[in-house]
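Reader: Could you walk me through this model before I set anything up with it? I would like to go region by region and ask as I go.

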Amino acid sequence: MAEKSFRRLREALGLIQHGSFFNIRTAVVFLASAALLCGIYLVASAARGTSEREGDIRVALLADAHLIGPQYVCCTESNDVDNESIMKTVERLKAAQQQIEALSPPPAAVVFLGDVIHNGYYSHNFEWYLANRNAYTVGGEIFGNFSVPVRYLWGNHDYHTSCGSAADSYDRTGLSHRLFRHFLGPAALPYSAVQMGRYKLIFLNAMLGPSWDPTHPRCDTKYASLGAEQLVWLERQLGGGGGGGGSGSGGQQPTFVFMHHPLPAALRNEAPELKHPDVLSVLLAHADNIMAVFSGHYHRHSFATIPAAKTAAQGAAAAAAHARDVYFSPMAK
Ligand SMILES: *[C@@H]1O[C@H](CO)[C@@H](O)[C@H](O)[C@H]1NC(C)=O
Ligand SMILES: *[C@@H]1O[C@H](CO)[C@@H](O)[C@H](O)[C@H]1NC(C)=O
């Protein structure tokens, strides 16, 4: 059944093509209490009056800024739209920050859905990034201006893996994670979870598994993968018993999951030693707790529902949604 659900989601997302990148999309998501019961969430502009309940939260979503620094040479993207918009990413993120600051009431947090920095690697040596103004410096300056707390997850452009060549790949934990933390601050963790209001928010990292390991036979950076360690962590966050699966005692806490790649891009059976060997399996096993899954990556709006096929008492469905592709006039729409 999981396969069938997965196929349905893939079909729903099937029309989405890569391309037309680098548009900042923002949406203010009002995580409504109704979501707990029927597995939906409401995307509402801040202006729209929606009644809130104690413990509900407002979160602003940002995705795919693709910030560039002075080293970027124009324009080597795969199409004209990207060639043009890549040069505007810095000004667009600054403008998004101003719009978010102007929201009333303010969101409790900004969640950044990945691809913060566009191919920002110019040296394997961390000291180089301290000595030379670069895309991470630019990101640090812009995000330093946010008065609303920013929660990061990362995207494929925030890492650099060349499958088959460790030498041409940039060390994920030794360099990338060090850069994130140094330039974007202590909240810029590889992956994390936070309790906000009545909800748990889980920020996944889709570049830590075998598809992003240059020496692994399944290395293929088109695909998202979490790695066994993060899969076990996710299972625990969702109230399961870790590697052994099981229902655990984590209870039925309503949870929102964030991952850069939409679920159809996630590698299946990436950790065969685990009961739930990939991210989709883990999410489906705990679908009762999951309100929605939000992704960036495709720079498009789409929405899909995965029926929680495993149990009869399926409350919430695991859903994947993109913030609306609003070509940077989010609040005007
Ligand atoms: C993007 O710009 C580069 C540099 O001008 C150019 O070589 C390339 O063909 C452009 N791509 C497209 C699809 O136009
Ligand atoms: C930070 O905010 C100040 C005040 O609005 C503005 O002048 C400055 O340009 C901003 N810097 C960045 C990097 O966005």
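Author: One definition will help first: a residue is called exposed if 12 or fewer other C-beta atoms lie within 10 Å of its own, buried if there are 20 or more, and partly exposed in between. Please also keep in mind that this is a predicted model.

Reader: Okay, then is Asn269 buried or exposed?

Author: Asn269 has 11 C-beta neighbours inside 10 Å, so it counts as exposed. Asn269 sits in the loop between β8 (255-258) and α9, and its phi is positive, about 50°, although it is not a glycine.

Reader: Which other residue that is not a glycine has a positive phi, of about 55°?

Author: That is Asp115, with a positive phi of about 55°, and its place is the loop between β4 and α5. Asp115 has 25 other C-beta atoms within 10 Å, so it is buried.

Reader: And how does Ser302 count?

Author: Ser302 counts as partly exposed because it has 18 C-beta neighbours inside 10 Å. Ser302 belongs to the loop between β9 (290-295) and β10 (303-306), and its C-alpha atom is 9.9 Å from that of Pro262, although the two are 40 residues apart along the chain.

Reader: Switching to confidence, what pLDDT does the chain average?

Author: The average is 77, and 72% of the residues score at least 70. Over residues 1-49, however, the pLDDT stays under 50, and for that stretch the model has 115 contacts beyond four places in sequence. Residues 242-249 are also below 50, with 18 contacts in the model beyond near neighbours in sequence.

Reader: Noted. How many helices and strands are there?

Author: The chain has 9 helices and 11 strands, and of its 333 residues 47% count as buried. Among the contacts with a separation of 6 or more, 73% are between residues 24 or more positions apart.

Reader: Which residues touch the most other members of the largest nonpolar core?

Author: Leu204 and Phe258 do, in a core of 71 residues. Helix α9 (residues 279-285) gives the most to this core, with 6 residues. Leaving aside neighbours within four places in sequence, the contacts of Leu204 include Leu153, Tyr191, Val257, Phe258 and Val279.

Reader: What about α6, which of its residues are buried?

Author: In α6 (residues 135-144), the buried residues are Ala135, Tyr136, Val138, Gly139 and Phe143. Seen down the helix axis, these buried residues fall within an arc of 155°, so they line one face of α6. They pack against α4 (89-101), α5 (126-131), β5 (150-152) and α7 (172-184).

Reader: Now the ligands, please. Which residues are around ligand 1?

Author: Around ligand 1 are Cys75, Thr76, Glu77, Asn79, Asp80 and Asn83, a shell that divides into 1 nonpolar, 3 polar and 2 charged residues. Cys75 lies in the loop between β3 (57-63) and α3 (80-85), and the peptide bond leading into it from Cys74 is cis, with omega near -10°.

Reader: I will want to look at that bond again. Where is the cis bond with omega of about -5°?

Author: That cis peptide bond joins Ser104 and Pro105, and Pro105 is found in the loop between α4 and β4 (109-112).

Reader: And which residues surround ligand 2?

Author: Lys94, Glu141, Ile142 and Asn145 do, and this shell divides into 1 nonpolar, 1 polar and 2 charged residues.

Notes: Residues are numbered from 1 along each chain as its sequence is written. Chains are lettered from A and ligands numbered from 1 in the order in which they are written. This is a predicted model: local features need pLDDT of at least 70, side-chain atom pairs count only at pLDDT 80 or more; totals for chains, interfaces and linings use all residues. A residue is near a molecule or strand if its C-beta atom, placed from the backbone, lies within 6 Å of it. Ala, Val, Leu, Ile, Met, Phe, Trp, Tyr, Cys and Pro count as nonpolar, Asp, Glu, Lys and Arg as charged, and the others, Gly among them, as polar. A nonpolar core is a set of buried Ala, Val, Leu, Ile, Met, Phe, Trp, Tyr and Cys residues joined through C-beta atoms within 7 Å. Helices (H or I, at least four residues) and strands (E, at least two) are DSSP runs, numbered from the N terminus. Two residues are in contact if their C-beta atoms, placed from the backbone, lie within 7 Å. The arc is that of the directions from the helix axis to the C-beta atoms. pLDDT is the predictor's confidence in each residue, from 0 to 100.
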